[in-house]
Amino acid sequence: MLAQATEKLRSRYGATALTNAAFALAVLVLIIAASLASEVFLTDRNLTSISRQIVTNGLLSLGMLLVILTGGIDLSVGSVLAFAGLLATGLQAHMPFPLAIAIALAMGLAVGFFNGFVIARFKLQPFIVTLAMMGSLRGLLYMYSDTPQYPVDPLFRSLLGGGFIGPMPVPTLIFLLALPVVWFYLSHTVSGRAVYAIGVNEEAVRLAGINVRKHIIAAYMASGFLASLAGVLLASRLGIAQPSVGVGYELDAIAAVVIGGGILGGGGGRVSGVFGGVIALALVDNVLNLFNVESYYQQFLKGIIILIAVLARRKPA
């Protein structure tokens with residue numbers, strides 16, 4: 001009977017709507033369970049901490065969504081994040097920090113342009129190109145960094161990572177502002193619709209006279225820019241930049257997109273879904289940290305959650 005009811009709901013509302021409803025219910029249950037199990041969970045301090053924690057993965061995931069929609073993937077975002085943090089802090093000894101930040105963000109755009117150009121121009125696999133970029137950038141990081149870490153300018157930290165506008169941390173506000181920008185781009189611009197169409201059928205889009213190469217490059221540039229912005233904000237929040245930061249962050253970004261309904265083959269995914277995926281992963285991390293669960297158990301549980309999400313959103317055979 002349950003199977004019949006599920007099938008009726010699927011036929012009436014569609015599998016995606018049903019899966020999204022189940023996903024939202026699971027997040028709600030997690031919040032209720034965590035609030036009942038821990039007195040700390042709903043405190044202002046912990047909620048503020050969660051709002052800060054979603055920023056890094058949130059910005060990386062928005063960029064990853066744009067790339068995945070085209071049918072690609074960007075494995076270099078963790079290295080871009082680390083490089084941007086080091087540039088923004090390391091250059092502050094030689095110039096005002098706003099200029100150092102601008103150079104760090106320009107680096108992210110340049111890396112994204114290179115990734116997109118090589119992939120679109122030479123028809124190479126995005127996985128291979130961005131994997132090579134990830135390794136190359138990580139090597140450059142250690143060559144650039146002659147010390148294991150850089151402390152940040154106190155003003156840089158107080159204005160960005162440690163700043164508040166009303167009750168809202170500045171990094172969280174920047175992430176929340178990025179959400180409608182990406183949503184508007186995907187929903188209300190010709191270029192945004194082209195990104196979806198490229199992921200569904202790139203050849204048809206090309207035959208329709210649309211410059212596919214331009215849109216693919218733009219998607220990777222956006223991913224690089226958002227990753228560098230995340231790196232600047234993370235270095236500002238932590239008060240220090242290290243070449244080893246960002247390892248594995250690309251997997252969390254991919255996970256947030258997939259959990260939120262993104263299709264790795266391209267053509268499917270929404271900003272609202274990514275936001276939900278980022279919140280869900282942050283809640284899981286926070287709850288596990290509150291109960292002092294070891295990090296390797298956390299990685300194991302996150303892997304199980306990602307696998308369940310992929311299975312739940314797979315297309316019926």
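Begin by selecting phenylalanine 122, which is partly exposed at 48% relative accessibility; buried stands for under 20% relative accessible area, exposed for over 50% and partly exposed for what lies in between, with a 1.4 Å probe and protein chains only. The model is predicted, so local features need pLDDT of at least 70 and side-chain atom pairs count only at pLDDT 80 or more, while totals for chains, interfaces and linings use all residues. Residues are numbered from 1 along each chain as its sequence is written, and side-chain values use heavy atoms, with hydrogens and water left out.

**The aromatic cluster**

Add phenylalanine 113 and phenylalanine 117 to the selection: Phe113, Phe117 and Phe122 form one aromatic cluster. The structure holds four aromatic pairs; rings of Phe, Tyr and Trp (its six-membered ring) pair if their centres lie within 6.5 Å, and planes under 30 degrees apart count as stacked, over 60 as edge-to-face and the rest as tilted. Phenylalanine 113 and phenylalanine 117 make a stacked pair, 6.0 Å centre to centre with 15° between the planes. These two residues are four apart in helix α5 (residues 97-122), and therefore separated by about one helical turn. An α-helix has 3.6 residues a turn, so residues three or four places apart point the same way. Phenylalanine 113 is partly exposed, with a relative accessible area of 41%, and phenylalanine 117 is also partly exposed, at 31%. Between phenylalanine 117 and phenylalanine 122 the ring centres are 6.2 Å apart and the planes stand at 90°, so this pair is edge-to-face.

Next, display arginine 121. Its charged end sits over the ring of phenylalanine 122, 5.3 Å from the ring centre; the criterion is NZ of Lys or CZ of Arg within 6 Å of the ring centre and within 35 degrees of the ring normal.

**Along helix α5**

Select the whole of α5. Helices (H or I, at least four residues) and strands (E, at least two) are DSSP runs, numbered from the N terminus. Helix α5 has 26 residues and reaches 37 Å from its first C-alpha to its last, close to the 38 Å expected at 1.5 Å a residue; the expected span is 1.5 Å times one less than the number of residues.

Is asparagine 115, a residue of α5, buried or exposed? Asparagine 115 is buried, with a relative accessible area of 1%. Leaving aside neighbours within four places in sequence, asparagine 115 is in contact (heavy atoms within 4.5 Å) with Asp74, Ser76, Val129, Thr130, Met133 and Tyr220.

Move on to lysine 123, just after α5, where phi is positive at about 55°. Lysine 123 belongs to the loop between α5 and α6 (126-144) and counts as exposed at 53% relative accessibility. Most residues other than glycine have a negative phi, and most peptide bonds are trans.

**Helix α3 and the nonpolar cores**

Now select helix α3 (residues 44-69), whose 26 residues reach 36 Å from first C-alpha to last, close to the 38 Å expected at 1.5 Å a residue. Centre the view on valine 55, where α3 has a kink of about 30°; the bend at a residue is the angle between axes fitted to the seven residues ending there and the seven starting there. Of the 26 residues of α3, 20 are buried. Glycine 71 follows α3 and has a positive phi, near 95°.

From α3, turn to the largest nonpolar core, which has 72 residues. A nonpolar core is a set of buried Ala, Val, Leu, Ile, Met, Phe, Trp, Tyr and Cys residues joined through side-chain atoms within 4.5 Å. The residues with the most contacts inside this core are Leu59, Leu62, Met64, Ile101, Leu186 and Val232. Helix α3 supplies the largest share of the core, eleven residues. Another core lies apart from it, with ten residues, among them Val67, Val118, Ile119 and Val212.

Select leucine 186 next. Beyond its neighbours within four places in sequence, leucine 186 contacts Leu65, Leu66, Leu69, Gly192, Arg193, Val195, Tyr196 and Val271.

**Helix α13**

Finish at helix α13 (residues 271-290), where 20 residues reach 28 Å from first C-alpha to last, close to the 28 Å expected at 1.5 Å a residue. Because 14 of its 20 residues are buried, α13 is largely enclosed by the rest of the structure. Asparagine 292 follows α13 with a positive phi, near 55°. Asparagine 292 lies in the loop between α13 and α14 (295-312) and is exposed, at 65% relative accessibility.
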